[in-house]
Amino acid sequence: MELRAYFDAIYLSSDAGICKPQPEFIKQVLIDHKLKPSETVMVGNDLTTDIAVAEGVGINGILLNTFPYSRRELENSLIKPNRVITDIEALKIGFT
């Protein structure tokens, strides 16, 4: 499935030479696109980097649970995604 058509831009921290959860990565995306944190979402597969950096800059985080984290791990984690999905196809809901 080609998701690129649904997004204005896709950023990879490795392309920017920045390691997550450094907030500078997300802050630069917000600045580049004049985004409001309340209207922005981070999609990632790691609680301690992707979702943590989203939480750190005040944006929603969707966890693509590919590791997968167990229900217990998710419940006990201090880092809380706003949504958990197990299939990237779930992102199409609301975009089609």
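A residue counts as buried here when its relative accessible area is under 20%. Keep that cut-off in mind as we walk through this predicted model: of the 96 residues of the chain, 32% fall into the buried class. Tyr-69 is one residue to look up, and with a relative accessibility of 17% it counts as buried, because the cut-off is under 20%.

Let's step back to the fold. Four helices and three strands make up the chain, and reading along the sequence gives the order α-α-β-α-β-α-β. The radius of gyration is 13 Å, close to the 12 Å from the globule rule for 96 residues, so the chain is as compact as a globular protein of that length. If you like to think in boxes, the C-alpha atoms fill one of roughly 35 × 30 × 25 Å along the principal axes.

How do the parts of the chain touch one another? Take the contacts with a separation of 6 or more: 33% of them join residues 24 or more positions apart.

Now to the outside. The accessible surface of the chain comes to about 6,600 Å², and carbon and sulfur atoms account for 53% of that area. As for charge, there are 10 positive and 13 negative side chains. The centres of these two sets lie 4 Å apart.

Finally, zoom in on the rings. A search of the whole structure turns up one aromatic pair. Its partners are Phe-67 and Tyr-69, arranged edge-to-face, with 5.5 Å centre to centre and 85° between the planes. That brings us back to Tyr-69, the buried residue we met at the start.

Terms used: Residues are numbered from 1 along each chain as its sequence is written. This is a predicted model: local features need pLDDT of at least 70, side-chain atom pairs count only at pLDDT 80 or more; totals for chains, interfaces and linings use all residues. Side-chain values use heavy atoms; hydrogens and water are left out. Helices (H or I, at least four residues) and strands (E, at least two) are DSSP runs, numbered from the N terminus. The radius of gyration is taken over C-alpha atoms; the globule rule is 2.2 Å times the number of residues to the power 0.38. Buried means under 20% relative accessible area, exposed over 50%, partly exposed in between (1.4 Å probe, protein chains only). Contact means heavy atoms within 4.5 Å. Accessible areas come from the Shrake-Rupley method with a 1.4 Å probe; for residues, only the protein chains shown count as cover. Lys and Arg count as positive and Asp and Glu as negative; His and the chain ends are not counted. The place of a charge is taken as NZ of Lys, CZ of Arg, CG of Asp or CD of Glu. Rings of Phe, Tyr and Trp (its six-membered ring) pair if their centres lie within 6.5 Å; planes under 30 degrees apart count as stacked, over 60 as edge-to-face and the rest as tilted.
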